[in-house]
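User: Please take a close look at one part of this model for me. I am new to it, so spell out the terms as you go.

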Amino acid sequence: MTLRRILPAVLACCAVLTACTSHSADGTSGGAPPTSAAATGTPSATASGPAGGDTADPSEPTGTGTGTGTAAASPAAPAPKRCRTSDLKASLGPDHPGAGQENFALVLTNRSPRTCSLYGFPGVAFVDGAGDAVTPDPERATDQPQQRVTLAPGADAWSALSYTDPAITGVTTVTPQALLVTPPDETTSLSVPWTGGKVSNTGKASVPRVSPLRPGSGA
C-alpha cells in the first residue's frame, strides 16, 4: 500500500478516537467535575457575607457589647452649711431626775429660713448675772458617738446635761443665773436662764457633763 493511501486512513482513525474520548457515557463533558460551592459544601460569598468577617449589626450599640458598663455616678448633694449662732435659739428642758442624777435637755432650735447642720458638742458655761463663770466648765461625754444633725427651719437638736445631785456628794455649790451656750465651731454664745437650782462649784464631784448634739428636743 502506498503512503498516499495510508495517510488518509490514519487521519480518519484519529478523528474517531478523539470524538469518543471527549464525551462520557452519560453524555456529559469529560474531564474533572466542576468545583462549585454546592458540590464541595463550602458556603458561598452570598451566604457568609463579605470576605474578612461578619459586619456589625447597625441596630446594636457600638463598644464592647457586654452590656455591663457602669453609669456615671451622680454628684453627691452638698452638705448643708453649719448653723451659725444667729441661726439658732437656745432653751433648757425640764429636769428628769433619776437614780440621784439631774438630767436636763439643752435644746438648739433652727430659727432661720435655711437648712443648716450641727456636729459635735455645744460649749456650756454656768454664769452669774454679770456673765462671769461660777463653776468649772462642764465635762464632755467623749465616750458617746458624735453625729451630724441636719436642721430644717424650726427643727431641734439637743444635748444631755447631767450631773449627780450635789446633796448626795456633799460638795459646795452655787446657784447660777444663766447658761451661756455656744454652738459647735462658733464663738458667739446664747444666754439661757438657769432654772435647775444648785450646781457643784468644786470640779471634784457632781461635775456636769454634756453629750454630743443629737436630733430632737430630748423631751
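Analyst: Two strands pair if DSSP finds at least two bridges between them. Strands are DSSP runs of E, at least two residues long, numbered from the N terminus.

This is a predicted model, where local features need pLDDT of at least 70, side-chain atom pairs count only at pLDDT 80 or more, and totals for chains, interfaces and linings use all residues. Residues are numbered from 1 along each chain as its sequence is written, and side-chain values use heavy atoms, with hydrogens and water left out.

Start with the sheet. β4 and β9 (residues 178-182) run antiparallel and are joined by five bridges. Val124 stands opposite Val181 in β9. The open sheet has three strands, in the order β4-β9-β10, with antiparallel pairing. β4 (123-127) and β10 (190-193) are its edge strands, each pairing on one side only. Neighbouring strands are turned by 25° against each other on average, direction ignored. That angle is taken between axes, lines fitted to C-alpha atoms, on a scale from 0 to 180 degrees between N-to-C directions.

Now turn to Asn110. This residue is found in strand β2 (residues 101-110). Asn110 is buried because its relative accessible area is 1%; buried means under 20%, with a 1.4 Å probe and protein chains only. The side chains of Asn110 and Ser112 share a polar contact of 2.7 Å. A polar contact is a pair of N or O atoms within 3.5 Å; within protein, one must be able to donate a hydrogen and the other to accept it, and residues adjacent in sequence count only if both atoms are side-chain atoms. A polar atom of the Asn110 side chain also lies 3.3 Å from the backbone oxygen of Ala152.

Conventions
Helices (H or I, at least four residues) and strands (E, at least two) are DSSP runs, numbered from the N terminus. Buried means under 20% relative accessible area, exposed over 50%, partly exposed in between (1.4 Å probe, protein chains only).
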